[in-house]
Amino acid sequence: MFRVVLNSNGNGEAVDLMSQLFAGQWQLSPAQIENAAQAGNMNAQYSLAGMLSQGNGVEQDVAKAVYWYHRAAVAGHADAQNALGYCYYLGRGVERDYNEA
């Protein structure tokens, strides 16, 4: 998710809010994280999946968590790939599938 900040000469520069979040400089609401996830930010996708998996700040929905882990994993997020494999291994939110795991 990006926001535009106008600097002193009036030019806009994009600020990656997820980078700020992970640097501890910004706190995002679940809705902002979901917007960033929908926009394709793999860190936001992974964060949203974790929130959904545990019910942290949102209603727990393990099937949706698997969806977002999958999106982040396809984008190359290593932790999401691991989490998705774990879901398949345990059958958490998906049918157990050792081959997928």
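These legends go with a set of close-up views of one predicted chain.

**Before you look.** This is a predicted model, where local features need pLDDT of at least 70, side-chain atom pairs count only at pLDDT 80 or more, and totals for chains, interfaces and linings use all residues. Residues are numbered from 1 along each chain as its sequence is written, and side-chain values use heavy atoms, with hydrogens and water left out.

**View 1. The whole chain, with its helices and strands.** You'll find five helices and two strands here, and reading along the sequence gives β-β-α-α-α-α-α. Helices (H or I, at least four residues) and strands (E, at least two) are DSSP runs, numbered from the N terminus. Of the 101 residues in the chain, 33% are buried; buried means under 20% relative accessible area, exposed means over 50%, and partly exposed is in between (1.4 Å probe, protein chains only). The accessible surface adds up to about 6,200 Å², and carbon and sulfur atoms hold 46% of that. Accessible areas come from the Shrake-Rupley method with a 1.4 Å probe, and for residues only the protein chains shown count as cover. As for contacts (heavy atoms within 4.5 Å), take those in the chain with a separation of 6 or more: 30% of them link residues 24 or more positions apart.

**View 2. Where the predictor is confident, and where it isn't.** The score here is pLDDT, the predictor's confidence in each residue, from 0 to 100. The chain averages 81, and 74% of the residues score at least 70. Among the elements, helix 4 (residues 62-74) has the highest mean, 97, while strand 1 (residues 2-6) has the lowest, 41. Go easy on residues 1-15: pLDDT stays under 50 there, although the model does have 26 contacts beyond four places in sequence for that stretch.

**View 3. Helix 2 and its buried side.** Helix 2 covers residues 30-38, and its residues I33, A36 and A37 are buried. Those three sit on the same side of helix 2 because they cover an arc of only 105 degrees around the axis. The arc is that of the directions from the helix axis to the C-beta atoms. Just after helix 2 comes G40, with a positive phi of about 105 degrees.

**View 4. S53 in helix 3, and the loop beyond that helix.** S53 belongs to helix 3 (residues 42-54). Is S53 buried or exposed? S53 counts as buried because its relative accessibility is 4%. Setting aside neighbours within four places in sequence, S53 has contacts with Q60, V62, A65, Y69 and R92. G55 is in the loop between helix 3 and helix 4, and at 28% relative accessibility G55 is partly exposed. From G55 to A65 is ten residues in sequence and 9.8 Å in space, C-alpha to C-alpha.

**View 5. Y67 on helix 4.** Y67 is part of helix 4 and counts as partly exposed because its relative accessibility is 42%. How far apart are the C-alpha atoms of Y67 and V94? They are separated by 9.7 Å, with the two positions 27 residues apart along the chain.

**View 6. A nonpolar patch on the surface.** Y86, Y89, L90 and Y98 make up this patch, with about 460 Å² of accessible area together. Patches are made of residues with over 30% relative accessible area and no salt bridge, joining like charges within 9 Å and nonpolar side chains (Val, Leu, Ile, Met, Phe, Trp, Tyr) within 5 Å. A salt bridge, in turn, is a side-chain nitrogen of Lys or Arg within 4 Å of a carboxyl oxygen of Asp or Glu. Y86 itself sits in helix 5 (residues 78-90) and is exposed, with a relative accessible area of 51%.

**View 7. R96 and N99, after helix 5.** R96 lies in the segment after helix 5 and is partly exposed at 48% relative accessibility. Which residues does R96 touch, not counting those up to four places away in sequence? The answer is Y88, Y89, L90 and G91. R96 and Y86 are ten residues apart in sequence and 9.7 Å apart in space, C-alpha to C-alpha. N99 is also in the segment after helix 5, and N99 counts as exposed because its relative accessibility is 78%. The C-alpha atoms of N99 and G85 are separated by 9.3 Å, and the two residues are 14 apart along the chain.
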